[in-house]
Amino acid sequence: MTTIEHDLPYWIAFSRVPTVGRVRIGLLEERFGSLKAAWEASGSELGASGLTPGVVSAIEQVRRVVEPEGELERVHNANVTVLTWHDSDYPRLFRNIDDPPPILYVKGTLQPDDEVRVTVVGTRNPTAYGKEVARQLSGDLAESGISVVSGLARGIDGVAHDAALRAGGRTIAVIGSGLDVVYPPEHRSLFERIVDNGAVLSEYPLGSKPEARHFPRRNRLLSGLGLGVLVVEAPKDSGARSTVEFALEQNREVLCVPGSIHSPASELTNWLIQQGAKLVMRVEDVLDELHIGGAPRQQPLPGLSPDTEEEARLLEALTHEPQHIDELSRSAGMSITQASGTLAVMEIKGSVLQVGRMNYIRARTASVR
């Protein structure tokens, strides 16, 4: 079933009434037959349908300032697609959660293959370990043909989206603002890359600011959109906890990457593993737990083996734990100047990663000859 075209402007208009959500949209459809008829109903008719006076008043206030056809034109001008829960392209997995969004704003494209999705979440302040693991697992998921879902936030979310795109895969972001309000602002470039190779979704109309109250509700969509939720690194008070709680309510699998028992950044993940969450060390753990048959893995990128003796010595010294350039130069038996120049070349090639303050780790695709 597809939303009737002449009714769509009224779905958009009603999405501008904060107090009209899933239950009240269903009530209005049942009572009036269409949202167009509901929008044009008198205040007394709205009240007679079962809406409270406060909700009727909120609708009347919005009707005085919102013109439905103008809202539809605004959406089209922003290159945004609008889906309602009647549309065939509406994500199937949202249909079996308790609080599905009546309307979705979409920038980019949703494809049939996107139905196989894994949500990756974590802290906004990850350690170097957390970033590398998120990069590795998200890239491996993308290479296995899995769409990576996350929330475009700073930290693990951004790493997950970026890694999926770099692996040539697709990724979907669910945000807590309108699609014309990119938050955080430094992710604007990432936002555009996601639009080109996936989609950005929101249940909030254009112009909506990233208010704090939006994000807990956004988290139910993050969990609902995936077959499972993978938590890479998160402290006990992380927003990822609410995503996990929604996942459990929605009968989604919860998977966690373990971390050091001394690291506050891994308190939530380690605790969840104690409670029975699947411990994840490699992408196969995710695929097996979710009963997903991954696509053939891509071949390693060319040029990541050492080309010189200096590169080979540095790769031998590097691990997946951050090491300062002073330590690396001593281990490799070369001067800091020589190590610095070699590491700069290796960064360009992608065989090493600088994780801040002249600390380096070996990239997951690098090999020691």
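Begin by selecting Asn-251, which is exposed, with a relative accessible area of 69%. The model on the screen is a predicted one. Asn-251 sits in the loop between helix 11 (240-249) and strand 8 (253-256). Its phi is positive, at about 60 degrees, although Asn-251 is not a glycine.

Next, select Leu-152. This residue likewise is not a glycine and has a positive phi, of about 65 degrees. Leu-152 belongs to the loop between strand 4 (147-150) and helix 8 (156-166). Is Leu-152 buried or exposed? With a relative accessible area of 0%, Leu-152 is buried, whereas Asn-251 is exposed.

A further loop deserves a visit. Select Tyr-183 and Pro-184, which are joined by a cis peptide bond with an omega of about -5 degrees. Pro-184 is found between strand 5 (171-174) and helix 9 (188-196), in the loop there.

Now display the strands together. They include an open sheet of 9 strands, with mixed pairing and the order 1-2-6-5-4-3-7-8-9. Strand 1 (81-84) and strand 9 (278-279) stand at the edges; each has a single partner strand, so one side of each is left without a neighbour in the sheet. In general, strands of a sheet pair through backbone hydrogen bonds, in either the parallel or the antiparallel sense.

At the strand 9 edge, select strand 8 and strand 9, which pair in the parallel sense over 2 bridges. Cys-256 has Leu-279, in strand 9, as its bridge partner.

Move then to strand 6 (198-202). How many of the residues of strand 6 are buried? The count is 5 of its 5 residues, and the strand is mostly covered. Colour Gly-198, Val-200 and Ser-202, which point one way from strand 6, and then Ala-199 and Leu-201, which point the other way; all are buried. As a general rule, side chains in a regular strand alternate between the two faces of the sheet.

Keep strand 6 selected and add its partners. Strand 2 (residues 103-108) pairs with strand 6 in the antiparallel sense, over 4 bridges. Strand 5 runs parallel to strand 6 and is joined to it by 4 bridges. Val-200 is a useful residue to centre on: in strand 6, Val-200 is the bridge partner of Lys-107 and also that of Ala-173. Adding helix 9 to the selection shows the right-handed β-α-β unit made by strand 5, helix 9 and strand 6.

Select helix 10 (residues 214-225) next. Which strands does helix 10 lie across? They are strand 3 (117-121), strand 4, strand 5, strand 6 and strand 7 (228-231). Relative to strand 5, helix 10 runs at about 155 degrees.

The last stops are in the interior. In soluble globular proteins, nonpolar side chains tend to be buried together. Select Phe-14 and Leu-28: of the 69 residues in the largest nonpolar core, these two touch the most other members. Helix 1 (residues 8-14) supplies the largest share of this core, 6 residues. Leaving aside neighbours within four places in sequence, Phe-14 is in contact with Val-20, Ile-25, Leu-28, Leu-35, Ala-38, Trp-39 and Ile-59. Apart from this core lies another, of 24 residues; select Val-133, Ile-156, Leu-230 and Val-257, which are among them.

Methods: Residues are numbered from 1 along each chain as its sequence is written. This is a predicted model: local features need pLDDT of at least 70, side-chain atom pairs count only at pLDDT 80 or more; totals for chains, interfaces and linings use all residues. Side-chain values use heavy atoms; hydrogens and water are left out. A nonpolar core is a set of buried Ala, Val, Leu, Ile, Met, Phe, Trp, Tyr and Cys residues joined through side-chain atoms within 4.5 Å. Buried means under 20% relative accessible area, exposed over 50%, partly exposed in between (1.4 Å probe, protein chains only). Contact means heavy atoms within 4.5 Å. Two strands pair if DSSP finds at least two bridges between them. Axes are lines fitted to C-alpha atoms, for helices over the stretch in contact, and angles run from 0 to 180 degrees between N-to-C directions. A crossover is right-handed if, with the strands pointing away from the viewer, the path from the first strand over the helix to the second runs clockwise.
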